[in-house]
Amino acid sequence: MLNLIINLIHKLIHEVKKMMEKSFVMMKPDAVQRRIMGKILTRFEEKGLQVVAAKLLKIDEDLAKEHYGEHSEKPFFNDLVSYITSSPSFAMVIKGDDAISLIRKIVGATNPKEADLGTIRGDFAMDMGRNIIHASDSPASAEREISLFFNEDEICEYKIADDPWIYE
Ligand code: RTP
Ligand code: MG
């Protein structure tokens, strides 16, 4: 019994130390139209990240304006809203150790011409206004964006089989 409790405590400490985070990630309309969703998803899966929610949705103007509210005063705001509402997007919640900053690295710089090769934007995109994917830039943004796009009951917390082979 004591051993069981000690084991449980060890497991809990391990979980906390891993700093499991959830990020909001969204393939924009160009990624869906260009049929490269599978290739993009593979990048996250192969890294060892876990998809815990996903849906295809046509973002309406209100949602686009709320999601990108921080840019409402920028000159590109109207173009950004048109782009995001032009066709369906594929919204996801992706979980993993330090996932928020890690996913930003996998996604690459905002301007695809400046994004390193090997990143999603560096490999698949050309223009700032067609940069195929969004990812949360901080824990506060992740929390806000996840709750903007998903209800609590749409997020699946599940044990994934290869976990011990991804994390030590
Ligand atoms: P995102 O929010 O979509 O993940 O992109 P990000 O953090 O890398 O870049 P952010 O500064 O948040 O900009 C949001 C999106 O607005 C478009 N944009 N256009 N023409 C321009 O100067 C310009 N700057 C930004 C991009 O689609 C960018 O992803
Ligand atoms: Mg951003």
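Modeller: Two strands are taken to pair if DSSP finds at least two bridges between them. The model discussed here is a predicted one.

Colleague: How many bridges join β2 to β3?
Modeller: The two strands run antiparallel, and one of the residue pairs across them is A53, which stands opposite V93 in β3. With a threshold of at least two bridges for pairing, β2 and β3 qualify, since the bridges that join them number seven.

Colleague: In what order do the four strands form the open sheet?
Modeller: Besides its bridges to β2, strand β3 is joined to β1 by eight bridges, again in the antiparallel sense. Strand β1 (residues 20-27) in turn pairs with β4 over three bridges, also antiparallel. Following these pairings across the open sheet gives the order β2-β3-β1-β4.

Colleague: Which strands stand at the edges, and why is one side of each left without a neighbour in the sheet?
Modeller: In the open sheet the order is β2-β3-β1-β4, with antiparallel pairing. A strand with a single partner has one side without a neighbour in the sheet, and so the edges are formed by β2 (50-57) and β4 (133-135).

Colleague: By how many degrees are neighbouring strands of this sheet turned against each other on average?
Modeller: The sheet in question is the open, antiparallel one made of four strands. With direction ignored, the average turn between its neighbouring strands is 20°.

Colleague: Which residue is the bridge partner of M26 in β4?
Modeller: On the β3 side, M26 stands opposite A91. On the β4 side, where β1 and β4 pair over three bridges, the bridge partner of M26 is H134.

Colleague: How many charged residues does the shell around ligand 1 have?
Modeller: Ligand 1 is surrounded by H71, F76, L80, T110, M128, G129, N131, H134, A135 and D137, so that H134, the bridge partner of M26, belongs to this shell as well. By class, the shell has four nonpolar and five polar residues, and the number of charged residues is one.

Colleague: How many of the nine residues of strand β3 are buried?
Modeller: A residue is called buried if 20 or more other C-beta atoms lie within 10 Å of its own. By that criterion strand β3 (residues 89-97) is mostly covered, and its buried residues number seven.

Colleague: What arc around the axis do the buried residues of α6 cover?
Modeller: In helix α6 (residues 99-107), the buried residues are A99, I100, I103, I106 and V107. They lie on the same side of α6, because the arc that they cover around the axis is only 125°.

Colleague: Which elements do the buried residues of α6 pack against?
Modeller: These residues are A99, I100, I103, I106 and V107, and their partners include both strands and helices. The elements that they pack against are β1, α3 (37-47), β3, α7 (120-124), β4 and α8 (139-149).

Colleague: Is I132 buried or exposed?
Modeller: I132 lies in the loop between α7 and β4, and its phi is near 55°, a positive value in a residue other than glycine. D98, in the loop between β3 and α6, likewise has a phi near 55°, but D98 is partly exposed, with 13 other C-beta atoms within 10 Å. Because I132 has 25 C-beta neighbours inside 10 Å, it counts as buried.

Key
Residues numbered from 1 in each chain as written. Chains lettered and ligands numbered in written order. Predicted model: local features only at pLDDT ≥ 70, side-chain atom pairs only at ≥ 80, totals over all residues. Axes fitted to C-alpha atoms, helices over the stretch in contact; angles between N-to-C directions. Near = placed C-beta within 6 Å. Nonpolar A, V, L, I, M, F, W, Y, C, P; charged D, E, K, R; others polar. Buried ≥ 20, exposed ≤ 12 C-beta atoms within 10 Å, placed from the backbone. Arc of directions from axis to C-beta. Contact = placed C-beta atoms within 7 Å.
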